[in-house]
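Let's walk through this structure together, one region at a time. Keep the 3D view open beside the text, so that you can turn to each part as we come to it.

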Amino acid sequence: MRSPRSGDFTQKCAISHGLKGWVRNTTCGRVEGEVQGDEQTVQKLLQQIDKGPRHAHVVKLEKRELDLQDGEDQFLVMRTAESMFHSGA
C-alpha cells in the first residue's frame, strides 16, 4: 500500500482503536510503521490495513515483534524515509 493517503488511513484506523506508534512511506515503495497496544486490538488494525483504503492495492503485510518503545503517547504519520527494515530480517 503506498499513496500519500496510506499513512493517513493507517493513522485514522490506529487512533480509532486507541493505539500508539507511527507510520510512513519509504523511498523503496513500502509503507512501514510501529504500533503498540493489546494483541487483539493490534490484530484488528492489521486486518484493516491488509485490506487498505479504497483504491489501494496491498501486496503483502509483514509483521515483526519489536521491543516496546517508551514515551509514545499518540499515533503519528512521519516523513518519507529509507526503510529501517530489510527483507528476510
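A good place to start is the hairpin built from β1 and β2, where five residues lie between the strands and Gly29 adopts a positive phi near 100°. Please keep in mind throughout that this is a predicted model. The two strands of the hairpin, β1 (residues 20–25) and β2, run antiparallel to each other and are paired over six bridges. If you would like one pair to look at, take Asn25, whose bridge partner in β2 is Val31.

Now turn to the two sides of β2, which spans residues 31–36. In a regular strand, side chains alternate between the two faces of the sheet. Which residues of β2 make up the covered face, and which the uncovered one? Glu32, Glu34 and Gln36 belong to the covered face, while Val31, Gly33 and Val35 belong to the uncovered face.

Strand β2 also leads us to the largest pocket, which holds about 960 Å³ of space. The pocket is lined by 33 residues, and the closest to its centre are Gly33, Leu46, Leu61, Glu62 and Lys63. Elements that contribute two or more residues to this lining are β1, β2 and α2. The largest share comes from β2, with six residues. In chemical character, the lining of the largest pocket divides into 16 nonpolar, six polar and eleven charged residues.

Two residues from the centre of that pocket, Glu62 and Lys63, bring us to the charged contacts. Side chains of opposite charge can pair when their charged atoms come close. The model has five salt bridges in total. In one of them, Lys63 pairs with Glu39, with the closest N and O atoms 2.9 Å apart. This pair ties together distant parts of the chain, 24 residues apart: Lys63 sits in the loop between α2 (39–51) and β3 (75–77), and Glu39 in helix α2. Lys63 counts as partly exposed because its relative accessibility is 42%, and Glu39 is also partly exposed, at 45%.

Lys63 has a further salt bridge, to the side chain of Glu65, at 3.9 Å from N to O. Shared partners thus join Glu39, Lys63 and Glu65 into one network. Is Glu65 buried or exposed? Its relative accessibility is 66%, so Glu65 counts as exposed. Arg64 has a salt bridge of its own with Glu62, where the closest N and O atoms are 3.4 Å apart. Both of these residues are partly exposed, Arg64 with a relative accessible area of 29% and Glu62 with 37%.

Let's finish in the interior. In soluble globular proteins, nonpolar side chains tend to be buried together. Here the largest nonpolar core has ten residues: Phe9, Cys13, Ala14, Leu19, Val23, Val42, Leu45, Leu46, Ile49 and Phe75. Helices α1 (4–16) and α2 each supply at least two of them, and α2 gives the most, with four residues. One member of this core, Leu46, is also among the residues closest to the centre of the largest pocket, which takes us back to where the pocket came into view.

Definitions and conventions
Residues numbered from 1 in each chain as written. Predicted model: local features only at pLDDT ≥ 70, side-chain atom pairs only at ≥ 80, totals over all residues. Heavy atoms only, no water. Buried < 20%, exposed > 50% of the residue type's maximum accessible area, 1.4 Å probe, protein only. Pairing = 2+ DSSP bridges. Salt bridge = Lys/Arg side-chain N within 4 Å of Asp/Glu carboxyl O. 1 Å grid on protein atoms, 1.4 Å probe; cavity = no way out; pocket = protein on both sides within 12 Å on 5 of 7 lines; lining within 4 Å. Points joined across faces, edges and corners; volume = space filled by probe spheres on them. Nonpolar A, V, L, I, M, F, W, Y, C, P; charged D, E, K, R; others polar. Core = buried A, V, L, I, M, F, W, Y, C linked by side-chain atoms within 4.5 Å.
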